[in-house]
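Here are some notes for a colleague who is opening this structure for the first time. Please keep the sequence and the model side by side while reading the points below.

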Amino acid sequence: MRHKIKGRTLGRNASHRHAMFRNMAASFIRTVRPGEDDPNKPKVTGRIVTTVPKAKELRPYIEKLVTAARKAAVHERAAAGFATTAKRNSAEWKAWRESDQYQQWNQAIAPAVKLRRKAFALLRDKLAVQILFDELAKRFETRDGGYTRIVRITDRRLGDGGSQALIEFVGVHDRVKQRRSRPAPVATTAPAEAAPAAEQSAS
């Protein structure tokens with residue numbers, strides 16, 4: 001019995017595979033907020049095109065990152081009640097820093113900071129982490145899983161003819177199903193004169 005064979009190797013060793021998914025995930029998240037001067041600006045935001053096996057392996061990688069961002073958003077909202085709006089290094093800020101309110105804020109925000117550090121360890125891209133926790137966490141605040149979709153495309157990759165697919169975040173390019181309006185059924189009414197006529201013939 002063979003063990004530890006979960007997932008596709010994609011013709012790469014472990015370190016090469018991890019680096020590839022890190023770069024793909026960072027590029028995928030950065031397409032949500034493309035820069036104006038970015039030479040690799042995507043044609044469609046929140047979408048990349050890759051091969052089908054890579055897309056299937058990238059999907060759980062992204063799903064776990066978005067789930068971590070959603071969990072961090074809960075802790076950040078809880079810590080907002082203990083935060084201060086004073087300017088850093090001001091007298092009011094220093095007084096807050098020495099108070100018990102800061103200790104409560106520190107304990108409330110610690111899980112969110114931990115999740116951000118874990119995400120950065122996986123992505124190694126500050127902008128991607130910022131987009132993940134600031135934008136995607138809010139977009140999928142009320143959605144429990146299923147943040148991405150994979151759609152196969154007919155165009156084959158040049159060179160080796162590999163099957164391609166696009167992976168994108170849901171909620172932007174969703175198709176809205178339109179229900180067809182059915183005509184109202186015509187009510188069939190029985191002739192009202194049939195009953196009196198039958199009574200006269202019986203009498």
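1. A good place to begin is the pairing of strand 1 and strand 3, which run in the antiparallel sense and are joined over five bridges. Within this pair, Ile 48 stands opposite Ile 167 of strand 3. Please bear in mind throughout that this is a predicted model, and that the values given here are computed from it.

2. Strand 3 also has a partner in strand 2: residues 148-156 (strand 2) and residues 163-169 (strand 3) pair in the antiparallel sense over seven bridges. Here Val 151 is the residue that stands opposite Leu 166 in strand 3. Six residues lie between the two strands of this hairpin, and Gly 159 takes a positive phi near 110° there.

3. Taken together, the three strands form an open sheet with the order 1-3-2 and antiparallel pairing. Strand 1 (47-51) and strand 2 are its edge strands, each of them pairing on one side only. On average, and with direction ignored, neighbouring strands of this sheet are turned by 30° against each other.

4. Which helix lies across strand 1, strand 2 and strand 3? This is helix 2, which runs at about 160° to strand 2.

5. Leu 58 has its place in helix 2, and a reader may wish to know whether Leu 58 is buried or exposed. Leu 58 counts as buried because its relative accessible area is 0%, where buried stands for a value under 20%. Leaving aside residues up to four places away in sequence, Leu 58 touches Phe 21, Met 24, Ala 25, Ile 48 and Ile 167; two of these contacts, Ile 48 and Ile 167, are the residues that stand opposite each other in the pairing described in the opening point. Leu 58 and Met 20 are 38 residues apart in sequence, while their C-alpha atoms are 9.7 Å apart in space.

6. The largest pocket holds about 610 Å³ of space. Its lining is made up of 19 residues, and those closest to the centre of the pocket are His 18, Glu 57, Pro 60, Tyr 61 and Lys 64. Helix 1, helix 2 and helix 4 (100-123) each supply at least two residues of this lining, with the largest share, six residues, coming from helix 2. By class, the lining divides into nine nonpolar, three polar and seven charged residues.

7. The second largest pocket has a volume of about 200 Å³, and the residues that line it are Ser 27, Arg 30, Thr 31, Asp 38, Asn 40 and Pro 42. One residue of this lining is nonpolar, three are polar and two are charged.

8. Finally, two backbone angles deserve a look when the model is checked. Most residues other than glycine have a negative phi. Leu 10, in the segment before helix 1 (14-30), has a phi near 60°, a positive value in a residue other than glycine. Asn 89, which is found in the loop between helix 2 (52-79) and helix 3 (91-97), likewise has a positive phi, near 70°.

How values were computed
Residues are numbered from 1 along each chain as its sequence is written. This is a predicted model: local features need pLDDT of at least 70, side-chain atom pairs count only at pLDDT 80 or more; totals for chains, interfaces and linings use all residues. Side-chain values use heavy atoms; hydrogens and water are left out. Helices (H or I, at least four residues) and strands (E, at least two) are DSSP runs, numbered from the N terminus. On a 1 Å grid over the protein atoms alone, a cavity is a set of points where a 1.4 Å probe fits but cannot get out, and a pocket is an open set with protein on both sides within 12 Å along at least five of seven lines; lining residues have an atom within 4 Å of a point. Grid points are joined across faces, edges and corners, and a volume is the space filled by probe spheres set on the points. Ala, Val, Leu, Ile, Met, Phe, Trp, Tyr, Cys and Pro count as nonpolar, Asp, Glu, Lys and Arg as charged, and the others, Gly among them, as polar. Two strands pair if DSSP finds at least two bridges between them. Buried means under 20% relative accessible area, exposed over 50%, partly exposed in between (1.4 Å probe, protein chains only). Contact means heavy atoms within 4.5 Å. Axes are lines fitted to C-alpha atoms, for helices over the stretch in contact, and angles run from 0 to 180 degrees between N-to-C directions.
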